[in-house]
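Let's talk through a metal site and its ligand together. Have a look at the model first.

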Amino acid sequence: MATHFEIDEDFVSEQNKKSKAWVEEDFDHLARKLKRQGVDIEALVAKAQDFRVAVPSWGVGTGGTRFARFPGLGEPRNIFEKLEDCGTIFKLVRSTSAISLHIPWDKPDSATELREFAANLGLHFDAMNSNTFQDQPGQEHSYRFGSLTHPDPATRDQAIEHNIECIELGRSLGSKAHTVWIGDGGNFPGQQHIRQTLERYLESMGRIYQAVPDDWRLFIEHKFYEPAFYSTVINDWGVSYYCARELGPKAFCLVDLGHHAPNVNIEMIVARLIQFGKLGGFHFNDSKYGDDDLDSGSIKPFQLFLIFNELVDAELDRIPGFNPTYMLDQSHNVTDPVESLMMSASELVRAYLQAHLVDRNLLSQVQEDCDPLMALATLKQAFTTDVAPILAVARERAGGAIDPIATYRASSYRQHKTKERPVTKVATASGIV
Ligand code: RM4
Ligand code: MN
Ligand code: MN
């Protein structure tokens, strides 16, 4: 691995010199502007530097749809090369020190070796993700008609075992959470007994829950359709919340932004889950129609801001137990995944900072005064503030790039990887991500 191309720190600082002057100018200007509003820009720089979002191991390979996958150049061929790309992302943006692994797609031969390899890149492991929505070679029972909720107990046992194996692996990797998303559901009315499948889910999850260490969290990820097109067992946040409550204090709900019907008010779901003490984490992405897995902030940046508005409100209110974990879950079908992930990570920090700019005293005043126009204006004031200079300065001071994408392109990283990684069999999911 030592001969592998890496973007070196001196190169990053050389590139930063190009735009340092204007960044400083813009930063000083913004500092004065924010001061007039009573906001200390340095406090926001610190917030930006503390913000963390995990990168999905499955996101660094080119994604695809059920129609086709158009492989990119120099794609990572195994989990080590995926981590190499994650290390590059982290080096340039500084907010992505954790990786979320999908098993068995990225199952290592040796957990110790993988953990050390990651640590050398400054990376560690966030939530594990199980996969009982595909069959694996040599698997005894098929998931064609479900996994944790399958009518056959032997199939359910197999799916439970797989989840327990993910938790065990996660323990050796230093992870502290496990995410369960199942594709279980029906394609036809009448295909499944709707109440019975949920009962089976709770029974299966109860057994997985027993294997979750006391200092871990178990995340339940809901999704209203796909691959089942008529009904899905864990279809919405209400069912997810019910299950998390039934399972116990280690169980929480995970909100994937793309897993709701169009036009659903996701920020309200977020606020409700915070209030009920069950918001565990996020899979960030964006969408126009369904579970599109597009880049965060690319379609509905105002929605992203409104979600962060709820998160920051809870942070400032110091809601007990409020500690959601942030992860990206995107499919990069037509872009360089490294670029998309860097841009997405920055979009999240942007929304987070903008949410910190909301004048919350004013907002509660206008709420008390029943003044909807001023309420919206208060939010818009924060949303329309350009915090780009803070993002750039936060990255630069942490050793990252002022402009991650320009620096990445100037380094010819992808071209180097194209030579280093001649196409063999690319370790990415067949089509879906
Ligand atoms: C699902 C869901 C899961 C992800 C899979 C690949 O739609 O979002 O989180 O693991 O896709
Ligand atoms: Mn997801
Ligand atoms: Mn999804």
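What follows is a short tutorial chat about this model.

Tutor: Quick ground rules: this is a predicted model, where local features need pLDDT of at least 70, side-chain atom pairs count only at pLDDT 80 or more, and totals for chains, interfaces and linings use all residues. Residues are numbered from 1 along each chain as its sequence is written, chains are lettered from A and ligands numbered from 1 in the order in which they are written, and side-chain values use heavy atoms, with hydrogens and water left out.

Student: Which residues coordinate the manganese ion (ligand 2)?

Tutor: Donors are N, O and S atoms within 2.8 Å of the metal (3.2 Å for Na, K and Ca), and water is not among the atoms, so sites may look incomplete. Here the coordination is at 2.1 to 2.2 Å, and the residues are Glu 221 (OE), Asp 256 (OD), His 283 (ND1) and Asp 329 (OD).

Student: What is the arrangement of the 6 donor atoms around the manganese ion (ligand 2)?

Tutor: Six donors count as octahedral if opposite donors are over 155 degrees apart and all others between 65 and 115. The angles around the manganese ion (ligand 2) run from 71 to 167°, so the arrangement is octahedral.

Student: How far apart are the manganese ion (ligand 2) and the manganese ion (ligand 3)?

Tutor: These are two separately numbered manganese ions, and the distance between them is 3.9 Å.

Student: Are Glu 221 and His 283 buried or exposed?

Tutor: Buried means under 20% relative accessible area, exposed over 50%, partly exposed in between (1.4 Å probe, protein chains only). Glu 221 and His 283 are both buried.

Definitions and conventions
Four donors count as tetrahedral if all angles lie between 85 and 135 degrees; four count as square planar and six as octahedral if opposite donors are over 155 degrees apart and all others between 65 and 115; anything else is irregular.
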